[in-house]
Amino acid sequence: MSSDPAADAPYVREEIARQPGAWLRAARLAPDLVGVLPGPGESVAVIGCGTSWFMAMAYAGLREAAGHGRTDAFAASELPTDRGYDRVVAISRSGTTTEVVRAVTSIQAPVLALTAVAGTPVAAASTDTVVLDFADERSVVQTVFATSALMLLRASLGESIDAPSAQASEVLAGQHRLDPALASVEQISFLGRHWAYGVAQEAALKLREACRLWTESYPQMEYRHGPIAIAQPGRAVWVMGDPVPGLVDDIRRTGALLVDDRLDPVVDLVRAQLLAVDRAQAGGLDPDRPRSLARSVVLADS
Ligand code: F1P
């Protein structure tokens, strides 16, 4: 151990804290990327793996809701190659993930790569590359790269990132505190609607990766179709974004702890990231190096 406590802090804590500034920086890139980022009316596929796939899902939901055109999100390994998309957006922090490399090399459409590292195999196989090097990370667990990529894409749809950035700064300054009981619940189900479902998936993944918590994630309206049977005292249900009518009452009846604070879903994700790191450290785990994970999954040729 070092005598400087900051030197022993996991990298991911500093990376989480960098998000409000990185989001603004990413958003400022959008106006100069017209013609590179998907334009209105284009039919678009967005791909990634793990965290990057969940950011793809969120962007796809937002872009369609904004009326910019058909936008489908796929795990990179599931991208159909015969649908005639006008453009593919590939999100990959490392730029080395095998499934993403395979997808971008097998598709005819122009590909925009959003990555943290220049000169990688994903960048080499793509038509255009935007490098968010200021959002690269040392932790295996992704936070600031993924959310900054999403904020760039949100900005490209005409959204201002000022409000979510300010709200995330409040979270990092200790406002919008979570119920302390979340430190010890044995299970959390994250619920989201439309684009927030992608964010809910990412929140659940963050807790699985960093602190090995049992988490699940569902579209809000799906939750009553089975998964609600899991809810009970000692477990939690976390609604990201605004809940649909009646859902909160149904959750309360289960006795599960309810989180329903109606923040911007990506800001709520910051709270989930912090909870994941807190729980990891409380449990003696290193949140930067989750069991069985690597910075990217690079597979042997098969
Ligand atoms: C994505 C990925 C995630 C995983 C972990 C490491 O890599 O493999 O699936 O959750 O955080 O990164 P990338 O293609 O974005 O580099």
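Helix axes here are lines fitted to C-alpha atoms over the stretch in contact, and angles run from 0 to 180 degrees between N-to-C directions. The model is predicted, so local features need pLDDT of at least 70 and side-chain atom pairs 80 or more, while totals for chains, interfaces and linings use all residues. Residues are numbered from 1 along each chain as its sequence is written, and side-chain values use heavy atoms, with hydrogens and water left out.

**View 1. Who sits around the ligand?** Have a look at the 14 residues around the ligand: Ser 52, Ser 92, Ser 94, Thr 97 and Glu 209 come nearest (a residue is near if one of its heavy atoms lies within 4 Å). Two helices (DSSP runs of H or I, at least four residues), H3 (51–65) and H8 (195–211), each supply at least two residues of this shell.

**View 2. Zoom in on the polar contacts.** Ser 52 puts a polar side-chain atom 2.7 Å from an oxygen atom of the ligand (a polar contact is a pair of N or O atoms within 3.5 Å). Ser 92 does so too, with a polar side-chain atom 2.7 Å from a ligand oxygen. Arg 295 uses its backbone instead: an N or O atom there lies 3.2 Å from an oxygen atom of the ligand. Taken alone, the ligand exposes 390 Å², and the protein buries 94% of that (Shrake-Rupley areas, 1.4 Å probe).

**View 3. H3 alongside H8.** Back to the two helices from the ligand shell: H3 and H8 pack at an angle of about 165°, with their axes 6 Å apart. That makes H3 roughly antiparallel to H8 (over 145 degrees; under 35 counts as roughly parallel). H3 passes H8 in a left-handed crossing (near helix turned anticlockwise from the far one by less than a right angle; clockwise is right-handed).

**View 4. H7 and its two partners.** Which way does H7 run beside H2, and beside H10? Helix H2 (residues 19–29) packs against H7 at about 170°, with the axes 8 Å apart, so the pair is roughly antiparallel. Their crossing is left-handed. H7 (residues 162–172) also packs with H10 (residues 265–282), at about 25° and with axes 9 Å apart. That makes H7 roughly parallel to H10, and this crossing is right-handed.

Methods:
A polar contact is a pair of N or O atoms within 3.5 Å; within protein, one must be able to donate a hydrogen and the other to accept it, and residues adjacent in sequence count only if both atoms are side-chain atoms. Angles under 35 degrees count as roughly parallel, over 145 as roughly antiparallel, 65 to 115 as roughly perpendicular and the rest as oblique.
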